[in-house]
Structures are given as C-alpha cells and as structure tokens.
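Good morning, and thank you for joining this group meeting. I would ask you to look at the sequence and the structure on the screen before I begin.

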Amino acid sequence: MADLLTPPGEPLVAGGVVVPKAAELVWLLKSETLPYVRLVECRRAAAGDVVVFEVEPEVPQAKVHDIQRVERLAVVFADNDEVMPETIALRRDFPSVPHLNLRWEELPRSLCLWDETYSNLKLRWTAAAYLRRVLEWLALTARGELHGEDQPLEPLLGAAAIPLILPARLFAPGMDRPAWLSVQAVDYDGTIITLIAEPGIPRPGDGARFVALPFHVPVQTHGVVRRQPQTLAELHDMLLGTGFDLLAALRAQLGDWAGNGHVLGARVILIFRIPKRRNDEAEAEVEETWAFLTVSTVREVGVSIGRWDLHDGTPGVLLAAPAGREGQGVNVEILNPATTLTADGAAWLNGLPGADGVEILAVGAGALGSQVMINLIRAGYGTWTVVDPDRLMPHNLARHYLGSYALGFPKAQTLSDVANALLDGPDVMSGIVADVRSEANPALRKAVDGASVIADFSASVTAARHLALDNASGARRVSVFLNPDGTDLVVLAEDAERRTTLDQLEMQYYREIIQRAELSEHLTRGGQRLRYAHSCRDVTSTIPQDAVGTLSGVAARAFRAALSRPEATIAIFRTDADLCVDVVRVDPVPGLRVETAGWTLCTDEMLLSRLRALRATKLPNETGGVLIGSYDLQRRIVYVVDTIPSPPDSKEWPTLYIRGSEGLRQAVQEVDRRTAGSLQYVGEWHSHPDGYGCGASEDDRKVFGWMTAHLSADGLPGLMIIVGAAGQTGIYLGQI
C-alpha cells in the first residue's frame with residue numbers, strides 16, 4: 001500500500017456518523033450497490049463527520065498524471081452542511097494536478113470536484129452522484145482530460161472576502177507602473193466591505209489607512225500553486241518560483257517611503273499581475289491579478305524585511321537587510337481584485353464586440369434618448385456627443401434617466417457627466433447645450449463634421465427634417481421615437497450610402513400607417529396631456545416609465561442592429577397588454593427627387609409603380625385619383641407617398657377622365673387622422689391611354705389652373721402627375 005496520510009479526526013469505534021449526507025454515503029458504501037468503491041472507516045473531526053473510502057478508477061496504461069488503480073480518499077461533512085464536503089487524497093505523493101482546491105497546507109491535497117456553488121449543488125446532491133463524480137474526476141485526471149483545452153485556465157489562488165477595485169489601466173501595455181496607489185475603504189457597520197484604489201500619493205493630513213504597490217510578475221503555469229500564503233515570507237517564496245524577488249522589490253520601494261510619515265501607519269496592499277499559461281511549454285494565454293493585504297503597517301513591514309530600524313518610531317534606513325528578516329512576522333490576507341469598467345470591458349460583459357469607436361452625434365436627451373444612450377454606453381457602444389438645449393425639470397424625473405441631483409441643470413451636460421462616470425478611460429460622451437439648428441455654434445458644427453452617425457431622439461419633426469436635409473455632413477442618420485401613447489417604438493435608419501434619406505423614410509413610414517389596418521391607431525393619442533407649469537407650452541404626456549424602460553432596451557438593440565447593416569431600416573416595435581413585443585418591418589425603397597419651378601418633388605418608385613398598376617387595370621380607359629403627401633414650405637419640398645384611387649362616381653373614358661368625389665373627403669380625413677396630420681391632399685394624377693404620351697392636354701391645363709388657384713391661397717403649389725405607357729411619367733409642379 002502507498003504511503004498514506006492519517007485522515008482527520010478520531011475513529012468512530014461503533015460507527016454512528018451524525019451528518020445526514022455522511023450517513024447516506026456510509027449506507028451506500030456498505031450496501032455494495034456501486035462497484036469499484038468500498039468503505040474503509042468512519043471518523044469524527046472537529047469540523048464534522050469523516051468517511052474514509054477507497055475507489056478503483058478507470059486508469060489507462062499510459063497515464064498523463066499519476067493516478068493509482070486504487071486511491072484512498074476521505075470526505076469531510078460539516079455538521080451544519082453549509083460548506084462543500086471536502087474530498088482529500090490520503091496518498092502522500094498524490095500528484096499536483098489541475099482542479100485541486102487551495103488550502104493553508106499543501107497536504108493532503110483537496111479534490112475540486114464541482115464548478116458550482118454548494119448552495120446550488122446541495123439541492124440535488126446524492127451519495128451515488130458524489131461517488132460517480134469522484135471516479136470520473138480521477139479517470140479524467142489520469143488521462144489529462146479533466147481540464148479541457150476549451151476551458152479557462154484555473155485561478156492561481158483561492159477566493160477572498162474583501163474586494164479590491166483597481167484602475168482598469170493599471171497594467172495597460174505601454175503605461176509606466178505607478179509608484180504607488182492611494183486606497184480608500186468602504187465601511188459598512190464598522191466593517192470594511194470594499195477597497196478602492198486610485199493612482200496617486202496619499203496627501204499629508206488625509207490619514208491614509210492603506211497604500212498599494214503594483215508589480216509585474218513573470219509567467220506562471222496554472223494550477224500549480226497549492227498552498228495559500230499566510231505571511232509575507234511565504235508569499236515571497238511562492239513568487240520566487242516564477243523568478244520574481246518580492247523582498248528585493250519591496251525593499252527598494254520602501255526606501256522611498258521612509259520619510260513619508262503620513263503613510264507609515266498605513267497597511268500595505270501588494271498587487272501582482274501574473275501571466276498564466278496552460279503548461280510549462282505553452283505561451284501565456286491570460287493575465288491574472290492577485291492582491292494581498294498586510295496585517296502590519298508600512299512602519300512594521302519595513303522592520304520585518306530589514307529595510308530599516310526604528311528610532312523613537314522614526315525609520316532609519318539600513319544599507320543591507322540583516323539575515324533572517326524576510327517578512328516572517330508579517331501576516332497577509334488575500335484580497336479579491338476587480339478592475340473598473342472600461343468601454344471594452346462593458347462590451348465584453350454584454351457579449352458584444354469591443355468598442356468600435358463609432359462617433360455618434362445624438363440629438364435629444366429626453367426620456368427615451370437618455371435611457372437608450374445609457375443602455376448603449378453600458379454596452380461599450382460608441383463615442384457620443386449629445387445635443388439638447390433643455391434643462392431637467394421635476395416632471396422629467398418620472399421617465400428620465402437622470403435623478404433629482406440634476407434638477408435645473410442642462411440635460412446634455414449632466415447626462416454626459418453621468419455617462420463618463422460609468423466607465424473608466426477616455427470620456428465616452430460630451431454635451432452641447434444648444435438647439436441642433438444653431439448653425440453659428442462652432443462646437444456643434446465640429447461635432448456634426450466629425451460624426452459617422454447622427455441619431456435623432458428628439459421626437460421633433462423639425463429637428464429630424466433639419467438633420468435629414470443638412471448635407472454638410474455625410475454621416476448616416478437614424479431616428480428613434482415612440483408613438484404618442486408609448487406603446488410602439490419606431491426606428492428609421494438611412495442606408496450606409498444615404499440613397500434613401502431620413503425624410504424619405506419618414507414618408508414611407510407614414511404610408512405604412514395608412515395602408516396597414518393594424519397600424520390604424522398607431523399615431524392616435526389615448527393618454528392624457530398634463531400641464532406641469534404655467535406656460536402654454538408646459539405640457540407633458542402620461543406615458544408610463546415601464547413602457548419607456550421596456551422600449552428603450554428594444555431601441556438600444558434595434559439601433560445597433562440597424563447600423564450593423566448597410567441597408568436602410570423601417571421598423572415598428574409594438575407592445576401589448578401582455579408585454580409581448582411584435583415588430584412590423586418595412587422594406588424601404590430608394591427615393592426620387594425632381595427639381596422644377598423652384599420646388600422639389602420627393603417620391604419613390606413604390607408610388608409610381610402603384611400608379612402604373614392602377615392605370616393598367618383600367619385600360620383602354622383613363623383613370624386617376626388624388627395624391628397624398630406632405631409639404632415642407634421652408635425648403636419648398638412636396639412629398640408624395642400614396643394615392644386615393646379613382647372614386648366610384650368618376651367618369652373614365654378612353655380619352656377623358658373626370659375625377660369624382662364620392663367618399664373622397666372621408667378618405668382624406670382618415671389619412672389625416674391616422675397620421676396625426678402628417679399627410680394630406682397634395683395634388684392630382686391621371687393616366688393617358690397608349691399612344692398619347694405624358695404631355696398635358698388643354699383639359700389638363702385647365703384642371704391644373706383650377707388646382708393652382710385653389711392651393712395658392714395657402715402658399716401651396718399645384719401638382720399633377722400624368723402616367724403614360726411604357727412607364728412614362730409626367731410631373732407638373734408649380735407650373736405647367
């Protein structure tokens with residue numbers, strides 16, 4: 001039999017383990033139900049019951065690790081069943097292999113059987129499952145297959161209780177290592193619950209409680225450290241195996257601290273950045289950070305490692321360390337280091353590609369915009385400039401991301417401050433307190449020129465139209481807004497080449513509203529408008545925050561998705577009372593622009609194709625109808641998106657068309673209602689029979705004159721479209 005270690009505790013002469021899981025295991029072993037396992041003895045230790053047993057794992061002839069055909073093990077069950085039962089190998093020369101638990105003493109070695117917490121595992125723990133796992137662990141370890149090539153490398157050391165938050169760029173490539181770090185403690189009920197480190201020297205009078213030193217350590221193979229260091233001397237010995245001399249590095253640093261009396265009473269935090277490799281021949285795969293807190297102060301550590309002696313409490317630096325002073329009297333506690341969140345780290349935690357550096361100019365920092373932008377920044381997405389002239393008021397708090405701390409301050413600037421505080425590293429957002437139409441604002445002009453994407457969250461047609469038609473920037477435009485009741489989210493995104501611009505997408509979106517029955521109430525307002533102050537403009541909506549919160553998450557994902565594709569996007573995300581989200585997707589079509597008589601006609605091939613199809617259904621007769629669209633009088637643009645076909649009382653002959661009026665007023669009013677006034681009557685169209693072209697006849701000129709006289713009173717141009725054979729189209733706008 002191999003040289004065996006004595007199991008913990010004392011033998012139970014008459015048996016009688018008391019922990020239920022131990023009793024279950026003993027019963028199963030005695031029953032001989034499972035092959036290749038047998039009971040040796042039961043013992044009682046201070047920690048609980050101990051069951052000693054032997055197993056015969058399946059071991060190959062050519063072994064990677066020295067697992068014997070018979071292994072004696074002991075498992076310790078705690079009386080309170082609050083900690084994982086610890087399985088230890090009793091063979092003295094049991095190999096140092098991956099997936100062993102770290103202990104204060106290296107022997108006996110402790111098998112790490114599970115990769116989940118005991119609180120979860122205990123819900124389904126059985127003695128049979130435990131024994132099968134032991135046999136599997138030993139067999140896989142013997143073949144060198146327990147730690148798969150696709151698994152992350154094992155931690156070098158065990159877990160710790162107190163977190164230490166470090167600057168993310170502390171060990172960034174190309175950065176000089178800070179001489180030291182200032183550390184603040186977060187206390188709760190008199191107990192330190194977190195330590196936070198920042199670059200810099202604690203200032204005199206700050207009452208420094210902790211100071212920190214970071215070190216780079218040579219590469220280390222994972223899973224080879226088997227003993228948790230308890231003193232500075234043991235930590236030095238552990239690191240010495242990597243080629244790093246901790247005592248020499250610490251003595252050199254403490255020499256600079258001898259004259260800094262305000263830090264001599266602080267405890268020392270030692271931080272190590274250690275590259276890890278899979279085996280001794282492999283290259284480093286990852287880097288791991290470990291940190292230790294000395295129980296002793298700087299003053300005491302300096303004495304313990306022979307850097308100085310004290311004279312009336314003041315350090316006197318020694319030229320050489322006396323023999324025997326290697327930190328044996330300085331106890332250390334392991335800390336749990338974590339780094340501050342960077343944009344790349346946020347992307348990684350969101351399961352997304354790294355921060356891609358896309359420059360986004362965002363217009364509107366209101367309820368939806370503020371939440372969408374913060375969602376995307378938490379995902380490490382983009383660098384933002386937000387433009388908004390408004391300040392935060394009390395009623396905004398019902399739905400805005402910002403809190404009462406920002407009341408009265410500009411939304412753009414305060415949101416930027418909050419966003420930049422989320423991530424460590426370069427600022428991810430800047431604010432411009434201005435109207436996006438402020439052409440004379442140099443900061444705004446610079447932001448527009450530098451943007452690769454311009455995002456409109458303003459829910460303002462005026463702002464969206466300005467962004468769509470400002471050709472000074474080639475940035476791709478995206479518009480994101482809610483319908484009036486906050487049940488639907490709309491995302492409009494230009495294609496990468498801007499062949500279909502935002503204003504044209506807006507019109508195609510309206511067309512879907514008037515053509516799809518399920519969208520008939522999309523833009524109608526059911527909620528109440530509330531007045532929050534005395535001005536006639538001081539009104540707000542009653543959209544609930546849960547709707548804004550739900551759809552802001554959808555909007556963040558839809559925003560990323562739209563920009564990941566080169567095609568244009570029209571998407572309407574709809575929620576119902578059961579919190580289900582459905583989406584209406586529309587395939588955008590390229591827009592067409594025609595300049596004539598000082599006006600611009602904007603339409604698209606979908607409308608023209610529909611007019612041609614209507615013509616074809618009535619041949620050899622002429623047909624027609626009214627044109628539906630919108631005006632931008634400031635820019636002298638007429639948008640045409642749809643038609644109301646020929647009313648039933650129209651006169652349709654091979655060489656003449658007289659449009660009727662039956663049901664027409666009601667149809668136009670329904671268009672106005674569905675689109676909340678965004679679309680209206682803008683002109684007439686009719687067809688010509690084959691062989692007559694698209695030129696205006698004398699009758700056409702009379703109709704155009706009547707229409708122009710009717711519309712000119714409102715400053716609107718006459719519009720007539722004539723559809724002929726072979727796809728020919730005549731467009732008459734403003735004059736004929």
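I shall begin with helix α16, residues 698–712, which lies across strands β30, β34, β35 and β36. Its direction makes an angle of about 150° with β35, the strand spanning residues 719–723. Please bear in mind throughout that what you see is a predicted model.

These strands belong to a sheet, and a newcomer may ask in what order its strands run. The order is β28-β29-β31-β30-β34-β35-β36; the sheet is open, has seven strands, and its pairing is mixed. At the edges are β28, residues 591–596, and β36, residues 729–733, each of which pairs on one side only. From one strand to the next, the twist averages 30°.

Let me take one pair within this sheet. Strand β30, residues 624–632, and strand β34, residues 680–687, are antiparallel and are joined over six bridges. Gly624, for instance, has His686 in β34 as its bridge partner.

A further helix, α15, covers residues 664–674 and lies across β30, β31 and β34. Relative to β31, residues 637–645, helix α15 runs at about 130°. The loop between α15 and β34 contains Thr675. Is Thr675 buried or exposed? Thr675 counts as buried because its relative accessibility is 0%. Among residues more than four places away in sequence, Thr675 touches Tyr510, Ile513, Ile514 and Leu523.

I turn now to the nonpolar cores. In soluble globular proteins, nonpolar side chains tend to be buried together. The largest core here has 53 residues, and those touching the most other members are Leu492, Tyr509, Val638, Val640, Leu679 and Leu719. Helix α12, residues 502–515, supplies the largest share of this core, with seven residues. Which residues does Tyr509 touch, not counting residues up to four places away in sequence? They are Phe481, Val490, Leu492, His522, Leu523, Ile570 and Ile572. Apart from this core lies another, of 46 residues, including Val358, Val478, Ile543 and Val548.

Finally, a word on confidence. The protein chain has a mean pLDDT of 88, and 93% of its residues reach 70 or more. Over residues 150–154, however, the pLDDT is below 50, although this stretch has 20 contacts in the model beyond near neighbours in sequence. Residues 530–539 also have a pLDDT below 50, with 14 contacts beyond near neighbours in sequence. Where pLDDT is low, the predicted coordinates should not be read in detail.

Definitions and conventions:
Residues numbered from 1 in each chain as written. Predicted model: local features only at pLDDT ≥ 70, side-chain atom pairs only at ≥ 80, totals over all residues. Heavy atoms only, no water. Pairing = 2+ DSSP bridges. Helix = DSSP H or I, 4+ residues; strand = E, 2+ residues; numbered from the N terminus. Axes fitted to C-alpha atoms, helices over the stretch in contact; angles between N-to-C directions. Contact = heavy atoms within 4.5 Å. Core = buried A, V, L, I, M, F, W, Y, C linked by side-chain atoms within 4.5 Å. Buried < 20%, exposed > 50% of the residue type's maximum accessible area, 1.4 Å probe, protein only. pLDDT = per-residue confidence, 0-100.
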